[in-house]
Amino acid sequence: MKSKDEIYMYLVWGAIAIILLVAIYFLARWSTVAGSIAIGFGVWIWLFLTPPKGDSDPAGNGMQSGFDSILNIVKSVGLAFVFSYCMKHYAPDTVLLVTMLLLGVYFIKRLVCADLA
C-alpha cells in the first residue's frame, strides 16, 4: 500500500507531465518549429526529472547517471528532428495525435519506473 506522501508525489509528477504534454501540443499546433523545440525541451525535462532507479554500488550509480544525462540529450534532440521531419512530410494532425499518444505512454512508463525519492 502506498503512503499518502507517495500518492501526493505521483499526483504532482502527473500534473507536471500533463502540463508538459499540453504545452507541447499547443506549440506544435501553432508552429512546427516551436513544436519541435517544445518536444525536445519537454522530453529532456521529463527525462531529467524522472531518473531511473539505480541498483548498483555508488560508483556504478554515478556512471549510470552521467551516461543517462548524455543519452537524454541525444534522445531529446533525436525526437525533435524526427517530429519535425514527420510534421513536414506527413499529415500533421495525424502525426501530432500519434506523437501525443506515444509521449503520454512514455511519460507514464517513465513515472512508474522512476526513482522519485
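In the predicted model, helix 1 comprises 27 residues and extends 39 Å from its first C-alpha to its last, close to the 39 Å expected at 1.5 Å a residue. The buried residues of this helix are Trp13, Ala17, Leu20, Leu21, Ile24 and Ala28. An α-helix has 3.6 residues a turn, so residues three or four places apart point the same way. The cover over the buried residues of helix 1 includes helix 2, helix 3 and helix 4.

The packing of helix 1 against helix 4 was examined in further detail. The two helices meet at an angle of about 160°, and their axes lie 11 Å apart. Because angles over 145 degrees count as roughly antiparallel, helix 1 is assigned a roughly antiparallel orientation relative to helix 4. The contact involves Tyr10, Trp13, Gly14, Ala17, Leu20, Leu21, Ile24, Tyr25, Ala28 and Arg29 on the side of helix 1. Helix 4 contributes Asp93, Leu96, Met100, Leu103, Gly104, Phe107, Leu111 and Val112. The crossing of helix 1 past helix 4 is right-handed.

Helix 3 covers residues 58–89 and contains 32 residues. At 1.5 Å a residue, a span of 46 Å is expected for helix 3, and the separation of its end C-alpha atoms, 46 Å, agrees with this value. Within helix 3, burial is found for Asn72, Ser76, Ala80, Phe83, Ser84 and Met87. The elements covering these buried residues include helix 1 (4–30), helix 2 (32–49) and helix 4 (92–112).

Among the buried positions of helix 3 is Asn72, a residue with a relative accessibility of 7%. Since buried means under 20% relative accessible area, Asn72 is classed as buried at this value. When neighbours within four places in sequence are set aside, the contacts of Asn72 are with Trp44, Leu47, Phe48 and Arg110.

The cysteines were considered separately. A disulfide is a covalent bond between the sulfur atoms of two cysteines. Zero disulfides were found in a search of the whole structure. Cys86 has a relative accessibility of 21% and therefore counts as partly exposed, given that the buried class is confined to values under 20%. Cys113, with a relative accessibility of 43%, likewise counts as partly exposed, because the exposed class requires a value over 50%.

Key
Residues numbered from 1 in each chain as written. Predicted model: local features only at pLDDT ≥ 70, side-chain atom pairs only at ≥ 80, totals over all residues. Heavy atoms only, no water. Disulfide = S-S within 2.5 Å. Buried < 20%, exposed > 50% of the residue type's maximum accessible area, 1.4 Å probe, protein only. Helix = DSSP H or I, 4+ residues; strand = E, 2+ residues; numbered from the N terminus. Expected span 1.5 Å × (residues − 1). Contact = heavy atoms within 4.5 Å. Axes fitted to C-alpha atoms, helices over the stretch in contact; angles between N-to-C directions. Parallel < 35°, antiparallel > 145°, perpendicular 65-115°, else oblique. Left-handed = near helix turned anticlockwise from the far one by under 90°.
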